[in-house]
Each structure stands twice: as C-alpha cells, then as structure tokens.
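Thanks for coming. Please have the model open in front of you while I talk.

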Protein chains: 2
Amino acid sequence: MTSANNEFFATLYVFAERLRDDYEKAAAAADLTPAQAIVIGLLSEPLPMGDLAARRHCDPSNITGLVDRLEDKGLVTRSPHPTDRRVKRVELTAEGRHRLARFHEELSRISCLNELTPDQQRRLLTSVPSLGPDTSGQ
Amino acid sequence: MTSANNEFFATLYVFAERLRDDYEKAAAAADLTPAQAIVIGLLSEPLPMGDLAARRHCDPSNITGLVDRLEDKGLVTRSPHPTDRRVKRVELTAEGRHRLARFHEELSRISCLNELTPDQQRRLLTSVPSLGPDTSGQ
DNA sequence: CGCAAATATTTGAGCACATCAACTATCGAC
DNA sequence: GTCGATAGTTGATGTGCTCAAATATTTGCG
C-alpha cells in the first residue's frame, strides 16, 4: 500500500491539476474567477449565504466578499428571506444564468477529458464516483 | 458528445476538487501552503527561479515571494549559478527534503484514493495517464 | 413578558498568491 | 563598447482565505 502506490498518487494528483487548469481557463474565458464559477454553479436554487459557506467548507465571511463581487458584476442578487430577517438568499440573475451556461460550454469545449477515448471515459466513471460521502456538501 | 457528457464532466471535476482538498490538508499538516508544497515538490534538482515559473505557468515575480517565504522557513536556499550571474538556483535544504517527505507521507495517508478498491485504482491508471503532453511542464 | 444564548451576516486586520508594469543587473552579439 | 535580450526583483492592485469582533435577529427559558 505504500511504495507501489507512489506513482499512482503522483499520476492522479497531476491529473487533478490538469482538471483544475481547465476549470480555471474556462472560468477566465467567461470572465469569472474559479471561486466565482463554483459559487454560481451552486445556485440552481436561491441559497442563504451560510449554506454557500457550508458547501464550500469555508468561513461565512469569505462568502460576503465573493457575493459582493458577483453582485457588482450583476450575476447574482441578495434578497431577504421571507420569514427570517437575519438570512439573505443569493439568487442568480438572468445574466448570471447566461454566464454560467457560457462557463459550462467553455469547460466542456476545452476539457482535457475530451482527449480520453470513450472506453477510458467509461473506465473513469466506473472507478471514480464511488468516492465517499461528499455528495451535496457535508 | 454534449448532453450525455455533462454528468461525466461534473463527476470528474468534483473528483478533482476532492483530490485538491486532500492536497491542501496534507500541505497544512506539513505546515505548508499548497503552492509551497508544489514548489518544493519540483526541486528534486536545484532549479533556476525562471524554470520554476515556467513549470508553474506563472509570472516570474510570483516565484520571488514564494521562494522568499520558503527561504524564511529554512526549506530552500538561493545559490548563484556558477557561470551566469543573472541566475539564482533554488535548492532544497535538508529540512526542506524532510518536510517534503512529511508532506508525501501525509498525503498518501489521508488521500481519498485510499478509499478505492485495487480494481478501481487499476481502472483509473489505465484511463488517466494517457492524458496529453503535459509531462514536466510545457 | 423579558432577557440571555444562539444564529446569520458583515466588517476589518492580516496573510498568501496572482498578474502587470517598471526597474536593475548581467549576458551576448555585433 | 554599446544595444537588445534575459533573469530576477519590486511595487501596485485584486482576489481569496482565516480569524476576531460587531450587528441584527431569532429562539428559548425562567
């Protein structure tokens, strides 16, 4: 489990780096930072700030600035929660949805995953998704 | 190639995120930032600043601060190039090598890749490594 | 009811990292 | 020897992150 695995680990972490690069390039092409792309990607439904922080496993104060900048760009809005006035819900604007779509198009266009044969893609899918209980953010 | 692949892309980019998280946690456990872990990981041989910038695909000025902080921590040293006085070569100290080893141990200990069955690991290796000509940095 | 504890968000300080433009030093070539 | 390329640094600026502290609101309990 220790020595023979070194190459396995190295290969996979290099792979992850390439995926990360794709992600960053696609975000840049849509005039987004990676963090911004992730946040608007979470907003298929309006979400309280705190929920965004929980899903990103980061400090709530971090979300404030992130949403500030997304709001400046006109991609999201903050609206009050109907019953709890402490809560602000973040929601995609029409432009935000459009931008997210652009990001996804760009990502699937440039993704290094396109270089894989269908057979390799199948093998990836049957090995990867079993990975642990991370689904929808702890 | 467009619609059915969406889930494929999503799954893999989530996977990459988990690998990234592992990397960050292992780095933190070795008292390193992710960027610092990457840099000292490149120093199996002493390398000019510019080469580090090339391998990280970033601006040379970025490397200056990164190496500054690594030097402050006693993990690397800058030494002059024997023939070209413009060049500074960055080299791991003994402590730097030790720290890198600690990082690698930690990474292989906590890696989410450990949750995969040997069969899944085999499938990963036979699908991933064919990915493109990125070997040793463009 | 009334007040203390918990919760949601923001603010501000501070650090790491990234890019860009400008600068210094050195090299290489003519 | 001077000029243009190259290596590295510096400074300005923006983003992302964490932490501690402040504000507003809700909740629960005597």
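I will start with chain A, then take one helix pair, then the DNA.

This is a predicted model, where local features need pLDDT of at least 70, side-chain atom pairs count only at pLDDT 80 or more, and totals for chains, interfaces and linings use all residues. Residues are numbered from 1 along each chain as its sequence is written, and chains are lettered from A and ligands numbered from 1 in the order in which they are written.

Chain A has six helices and three strands; these are DSSP runs, H or I of at least four residues for helices and E of at least two for strands, numbered from the N terminus. Along the sequence the order is α-α-β-α-α-β-β-α-α.

Now the helix pair. The axes of α2(A), residues 34–41, and α4(A) come within 10 Å and cross at roughly 85 degrees. Axes are lines fitted to C-alpha atoms, for helices over the stretch in contact, and angles run from 0 to 180 degrees between N-to-C directions. So α2(A) is roughly perpendicular to α4(A), a term that covers 65 to 115 degrees. On α2(A) the contact uses A35(A), Q36(A), V39(A) and I40(A), and on α4(A) it uses L66(A), R69(A) and L70(A); contact means C-beta atoms, placed from the backbone, within 7 Å.

Last, DNA strand C. Which residues come nearest to it? Of the 22 residues around the strand, they are G50(A), S61(A), T33(B), A35(B) and C58(B). Near means a C-beta atom, placed from the backbone, within 6 Å. α4(B) gives the most to this surface, with four residues.

Methods
Parallel < 35°, antiparallel > 145°, perpendicular 65-115°, else oblique. Contact = placed C-beta atoms within 7 Å.
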